[in-house]
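Q: I'd like a close look at a single part of this protein, followed by a tour of what else is in the model. Take your time over it.

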Amino acid sequence: MSWGIELWDQFDNLEKHTQWGIDILEKYIKFVKERTEIELSYAKQLRNLSKKYQPKKNSKEEEEYRYTACKAFLSTLNEMNDYAGQHEVISENMTSQIIVELARYVQELKQERKSHFHDGRKAQQHIETCWKQLESSKRRFERDCKEADRAQQYFEKMDADINVTKADVEKARQQAQTRHQMAEESKADYSSVLQKFNHEQHEYYHTHIPNIFQKIQEMEERRIVRIGESVKTYAELDRQVIPIIGKCLDGIVKAAESIDPKNDSQLVVEAYKSGFEPPGDIEFEDYTQPMKRTVSDNSLSNSRGEGKSELKFGGKSKGKLWPFIKKNKLSLKLGATPEDFSNLPPEQRRKKLQQKVDELNKEIQKEMDQRDAITKMKDVYLKNPQMGDPSSLDHKLAEVSQNIEKLRLEAQKFEAWLAEVEGRLPARSDQARRQSGMYETQNAPSVNNCAQDRESPDGSYTEEQSQESEVKVLATDFDDEFDDEEPLPAIGTCKALYTFEGQNEGTISVVEGETLYVIEEDKGDGWTRIRRNEDEEGYVPTSYVEVYLDKNAKGAKTYI
């Protein structure tokens, strides 16, 4: 089957068909291009969706992803991000391996088609020129033959007429001979042109056109094959990412299988466990006995000594839970956040303190690494003075050392509170009490004011007001522990090296260069108790003062 033989007379139709083939190829390119745009858009939407539901950093959502169900959801989001990446790969591969290649091929195909049909038109023009020559030669031959016949008839007529002179007859005879000779020449030319045309026509229909149409057929078949290869590539590019997409889906399934409800339940316990014991039985109050009414352990109107016990050991004593819980709720309502987290239940307080200790230890290690680096740099400067002045690092080194000391004191403070919560200490030490900010005494006036604001129109108080008022009483009794203490005698003096702003309860503010009395030296917790006058005393960091003990202490001079 050959177009040159079967379709020798379908030049125009072949030209239309090959143009249609190129149009089909361009349509397929457009289809693939739109598919790549869809893939990119889909991938972008998947990435935006994954990003939208990702937990925000340093937020409560990030803490929620401790649970296995939330971890599975987070894994799903991450896998969907990778899933989107595979659709981007599909788009990139289709663009490079199909669109770009076919676009280049289409340009080559158009040039080749143009060349073939140009050769075909050239052959057509040549055969048409030969045909015109043949027609011209034929008409001339026909005309010369007619002229020769008329000249012969005229000669015969003149020759038969007796009235015509001999000269006229001879002239007519010569003219007839000339016309006859011209007809013979036209005949020979026509015969030659005809033979040439037949040869050209044979070459046109059996050689030139078949060759041109054969090339066009081969070009068209290559186009069809190329479309088939592109369609196959289209499918293969999709198939290539199926294993990776399968891994993404396997990852989602694996994340789902890793969900552990028991573990999540345990995390809920760790997150919200208070550490309190359930309240004990309520004692029977016998009103028939002629004696003073016994106050139950669950009442909010306990005696002064019982109030102190509740504040110190409320988390461990049965029957004394409710006042402590009411007080914590009230403190949260007022927006107070004690430094020692005393507003939290024991278990939650322990977790917060442990977290704070870990953070401080990390900061200490960071500062120590910085100090080591500065020390090494100083050693380099000492060995090579041309590189820098060693003394220029002294101020920075002193500053870092001071930061380390402050962080260590802070860590010791929180470790003491942590030890107390974990039961390593029987009760708070003086240092722990003064560092906590004396939370109960700070909130007592606010509680009283809140209670007054909730007075009902008939002059009575609601139950909530009564409960908050009792909290005030408990806090006031807690303050009495310090009011009953005897003033301590001065054991020396001290000079403030730096200005200290005593913002927590139990501390005192000092100004650089100020001289004060020492009434209690540092017991290893990093704090010294001082007095300015009879009414002003408190604690300051030992590193902020230069202490001079009296002669009983052998006049020791301490630098911290």
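What follows is my request about one strand, and then one long reply. The part I have in mind is strand β3 (residues 527-531). Which strand do 5 bridges join to β3, and which strand is joined to β3 by 3 bridges? And how many of the residues of β3 are buried?

A: Before we zoom in, keep in mind that this is a predicted model. The mean pLDDT of the protein is 78, and 78% of its residues reach 70 or more. In terms of elements, you're looking at 14 helices and 6 strands, so we need to cite pairings carefully by name.

Let's start with who β3 is paired to. On one side, β3 is joined to β4 (residues 537-541) by 5 bridges. These two strands run antiparallel, and they make a hairpin with 5 residues between them. If you want a spot to put your finger on, try T528: its bridge partner in β4 is V540.

The other pairing of β3 is with β2 (residues 515-520), this time through 3 bridges, and again the strands run antiparallel. Here you can use V518, whose bridge partner in β3 is I530. This pair is a hairpin too, with 6 residues between the strands. One of the residues to check there is G524, which takes a positive phi near 100°.

Now for burial. All 5 of the 5 residues of β3 are buried, so the strand is largely enclosed by the rest of the structure. What's nice is that this holds for both faces: W527, R529 and R531 are buried on one side, while T528 and I530 are buried on the other. Yes, that list includes two arginines, R529 and R531. They count as buried because buried here means under 20% relative accessible area. Next door, 4 of the 5 residues of β4 are buried, so β4 is largely enclosed by the rest of the structure as well. For scale, 35% of the 560 residues of the protein count as buried.

So what about nonpolar packing? In soluble globular proteins, nonpolar side chains tend to be buried together. The largest nonpolar core in this model has 40 residues, and L25, V32, M94, I98, F213 and I216 have the most contacts inside it. Helices α2 (11-52), α4 (68-160) and α5 (166-240) each supply at least two residues of that core. The biggest giver is α4, with 16 residues. Apart from this core lies another one, of 15 residues, and F500, L516, Y539 and Y544 are among them. Look at the numbering there: L516 falls within β2, residues 515-520, and Y539 falls within β4, residues 537-541.

Back in the largest core, V32 is a good residue to click on. Leaving out neighbours within four places in sequence, V32 is in contact with M94, I98, I99 and Y234. I98 turns up again around S230, a residue of helix α5: S230 touches Y28, I98 and L102, not counting residues up to four places away in sequence. S230 is buried, at a relative accessible area of 6%.

Another buried spot is L397, in helix α11 (residues 394-421). At 18% relative accessibility, L397 counts as buried because the cut-off is under 20%. Beyond its neighbours within four places in sequence, L397 is in contact with R371, I374 and T375. Its C-alpha atom is 8.9 Å from that of Q370, a residue 27 places away along the chain.

Two cysteines are worth a glance. C494 is buried at 1% relative accessibility, and C248 is buried at 5%. The model has 0 disulfides.

Zooming out, 69% of the contacts between residues at least 6 apart in sequence join residues at least 24 apart. The protein exposes about 35000 Å², with carbon and sulfur atoms supplying 51% of it.

Finally, a word on confidence. Among the elements, α2 has the highest mean pLDDT (94), and helix α13 (residues 439-453) has the lowest (37). Over residues 291-335 the pLDDT stays under 50, and the model has 83 contacts beyond four places in sequence for that stretch. Residues 553-560 are also below 50, with 13 contacts beyond near neighbours in sequence.

How values were computed. Residues numbered from 1 in each chain as written. Predicted model: local features only at pLDDT ≥ 70, side-chain atom pairs only at ≥ 80, totals over all residues. Heavy atoms only, no water. Disulfide = S-S within 2.5 Å. Buried < 20%, exposed > 50% of the residue type's maximum accessible area, 1.4 Å probe, protein only. Core = buried A, V, L, I, M, F, W, Y, C linked by side-chain atoms within 4.5 Å. Contact = heavy atoms within 4.5 Å. pLDDT = per-residue confidence, 0-100. Areas by Shrake-Rupley, 256 points an atom, 1.4 Å probe, with all protein chains shown as cover. Pairing = 2+ DSSP bridges.
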